[in-house]
Amino acid sequence: MKKDSGFTLVELIVVIAILGILAAVAIPAYTGYITKANEAADITQLDAVKTAAMAYHATTGAVTKIVVDTAESGLINSVQINDDSSTELATNDTFKTYLTGSASGTLPTLKSDTYKGGATWNGTAWSAS
């Protein structure tokens, strides 16, 4: 007598159901990790902007507020500082040199939806605009 080998249809359906349950649990958790990673990357970019802005304005006194304006794509358009709010520093070649090391350097792009509309440094932390 020959014995059949392989899986039954019921066994395959059970395995597929288990994989579906695992995927349903893992995908939202993975999405949360991506969001947190993008926000951490944005904070890193914004801290680089803050450092460059503070170095740029080192001779004008203490910087307590920095406002970063971004396009919908997340590209930083302008940086304004409390003691000179009319100056769009990110478009200034000298500021670009502080920020990127080159006057023709590419400005950072923010990744997360949290900070894509811009951000404000209030002296202690970044907050979404």
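In this predicted model, Trp-121 finds its bridge partner across in E4, and that partner is Trp-126. The two strands involved, E3 and E4, are joined antiparallel through three bridges. Trp-126 also turns up in the largest nonpolar core, where it is among the residues with the most contacts.

Zooming out, E3 and E4 belong to an open sheet of four strands, ordered E2-E1-E3-E4 and paired antiparallel. E2 and E4 (126-128) sit at the edges, each pairing on one side only. Neighbouring strands are turned against each other by 20° on average, ignoring direction.

On the other side of E3 comes E1, and these two strands run antiparallel with three bridges between them. Here Val-67 has Thr-120 of E3 as its bridge partner. E1 also pairs with E2, again in the antiparallel sense, this time over five bridges; one of the partnerships puts Asp-69 opposite Ser-78 of E2. The hairpin linking E1 and E2 has five residues between the strands, and Gly-74 there adopts a positive phi near 100°.

E1 shows two distinct faces. Ile-66, Val-68 and Thr-70 make up the covered one, while Val-67 and Asp-69 lie on the uncovered one. That fits the usual pattern, since side chains in a regular strand alternate between the two faces of the sheet. As for what lies over the sheet, H1 runs across E1, E2, E3 and E4, at about 125° to E1.

The largest nonpolar core counts 20 residues, and Ile-66, Val-68, Val-79, Phe-95 and Trp-126 have the most contacts inside it. Two of these names, Ile-66 and Val-68, come from the covered face of E1. Contributions of two or more residues come from H1 (9-56), E1 (66-70), E2 (76-81), H2 (93-100) and E3 (119-121). H1 is the main donor, with four residues. Gathering of this sort is no surprise, as nonpolar side chains tend to be buried together in soluble globular proteins.

A polar residue is tucked away too. Ser-112 is placed in the loop between H2 and E3. With a relative accessible area of 4%, Ser-112 falls under the 20% cut-off and therefore counts as buried. Its side chain makes a polar contact with the side chain of Asp-42, at 2.5 Å. Setting aside neighbours within four places in sequence, Ser-112 is in contact with Asn-38, Glu-39 and Asp-42.

Key:
Residues numbered from 1 in each chain as written. Predicted model: local features only at pLDDT ≥ 70, side-chain atom pairs only at ≥ 80, totals over all residues. Heavy atoms only, no water. Core = buried A, V, L, I, M, F, W, Y, C linked by side-chain atoms within 4.5 Å. Buried < 20%, exposed > 50% of the residue type's maximum accessible area, 1.4 Å probe, protein only. Pairing = 2+ DSSP bridges. Axes fitted to C-alpha atoms, helices over the stretch in contact; angles between N-to-C directions. Contact = heavy atoms within 4.5 Å. Polar contact = N/O pair within 3.5 Å; in protein donor to acceptor, adjacent residues only side chain to side chain.
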